[in-house]
Each structure stands twice: as C-alpha cells, then as structure tokens.
Amino acid sequence: SNRWVDHIDFHDPGNVSTTYALDAATGAIVWATDLPSATFGALTYANGVVFQPTITGTVYAFDAADGSVLWSTRPGADLGGGVSVAGGKVFVPYGFWFFAAPPNPSGGLVAYAPDPA
C-alpha cells in the first residue's frame with residue numbers, strides 16, 4: 001500500500017509504503033512491514049521468501065512467515081517491475097523511469113545467489 005506525498009517526484013522521502021501478508025481464508029493481516037519508499041513492482045513469493053522492489057531502487061526479501069527483512073540490496077537504479085526466482089537465483093531488473101528519462105539513465109539485470117544457509 002503506497003502513501004504518496006508527491007505523485008510527481010517519486011523520490012520524495014515522504015512517499016512510503018507498507019507490504020502486507022493476509023490470511024487467505026479470513027483476510028486478516030498476518031504481518032505488515034513498512035518501507036521507506038513507494039513501490040510499483042509486483043511481489044514475488046518463492047521458498048518462504050517474499051521479494052518486494054521499491055521505486056527508489058532497493059529490493060527487499062522478507063521472511064514470508066513474519067515479515068522480517070532477511071536482506072535488501074540496491075542493484076543500480078530505480079525499480080519498476082517484479083523480480084524472478086529460478087535455479088536458486090533472484091533476478092532483479094533495474095532501470096525504471098515513468099515520465100522522462102533521468103539525466104544519466106541506466107538499466108540492466110542483476111542475478112543474486114543468496115547464501116543457502
């Protein structure tokens with residue numbers, strides 16, 4: 001759930017969000033974790049982990065059971081899409097802009113191989 005202070009400046013520090021896990025049977029909130037950025041990217045669930053990208057360029061990995069942050073990383077630019085998980089790797093596309101390209105646009109794809117411990 002995004003809470004916007006400025007719908008034009010996506011990097012306004014007042015733009016924040018909360019990621020929720022709901023009980024499928026009742027709709028009750030199981031956990032809620034606040035993030036310091038708004039988000040457009042889709043959530044991804046794999047192997048007990050929920051991945052959430054944020055507009056300002058950080059992707060978070062939450063424990064699906066309790067919402068605690070397992071790790072986070074910044075692949076290199078704003079994030080506007082979801083991540084993919086395959087073969088023990090987390091694939092994060094980066095490089096997003098909405099209205100116009102930033103002064104120094106960059107983009108690509110990073111593959112992370114989280115520690116299996």
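In the hairpin that joins strand 5 to strand 6, where five residues lie between the strands, Gly57 adopts a positive phi near 105°. This value, like the others in this report, comes from a predicted model. The two strands of this hairpin pair in the antiparallel sense over five bridges, and within that pairing Val49 has Asp63 of strand 6 as its bridge partner.

Strand 6 also takes part in a hairpin with strand 7, again with five residues between the strands, and here Gly67 is the residue with a positive phi, near 80°. Strand 7 covers residues 69-73, and its antiparallel pairing with strand 6 runs over four bridges. Across this pairing, Ala61 stands opposite Trp71 of strand 7. With four of its five residues buried, strand 6 is mostly covered. Strands of a sheet pair through backbone hydrogen bonds, in either a parallel or an antiparallel arrangement.

The strand pairs that have been described, together with the pairing of strand 9 and strand 10, are set out below.

| Strand pair | Sense | Bridges | Partner residues |
|---|---|---|---|
| Strand 5 and strand 6 | antiparallel | five bridges | Val49 and Asp63 |
| Strand 6 and strand 7 | antiparallel | four bridges | Ala61 and Trp71 |
| Strand 9 and strand 10 | antiparallel | five bridges | Phe91 and Ala111 |

Strand 9 and strand 10 belong to an open sheet of three strands, which follow the order 8-9-10 with antiparallel pairing. Its edge strands are strand 8 (84-86) and strand 10 (108-112), each of which pairs on one side only. From one strand to the next, the twist in this sheet averages 25°.

The largest nonpolar core holds 12 residues in all, among them Val49, Phe51, Val59, Ala61, Val90, Val92, Tyr94 and Tyr112. Two or more residues of this core are given by each of strand 5 (49-53), strand 6 (59-63) and strand 9 (89-94), and strand 9 supplies the largest share, namely three residues. A second core, separate from this one, has six residues, including Ala21, Leu35, Val50 and Phe62.

Val59 is one of the residues of the largest nonpolar core. Apart from its neighbours within four places in sequence, Val59 is in contact with Gln52, Pro53, Trp71, Ser72, Thr73, Leu79, Val83 and Val92. Of these contact partners, Leu79, Val83 and Val92 are themselves listed in the largest core.

Note on methods. Residues numbered from 1 in each chain as written. Predicted model: local features only at pLDDT ≥ 70, side-chain atom pairs only at ≥ 80, totals over all residues. Heavy atoms only, no water. Core = buried A, V, L, I, M, F, W, Y, C linked by side-chain atoms within 4.5 Å. Buried < 20%, exposed > 50% of the residue type's maximum accessible area, 1.4 Å probe, protein only. Contact = heavy atoms within 4.5 Å. Pairing = 2+ DSSP bridges. Axes fitted to C-alpha atoms, helices over the stretch in contact; angles between N-to-C directions.
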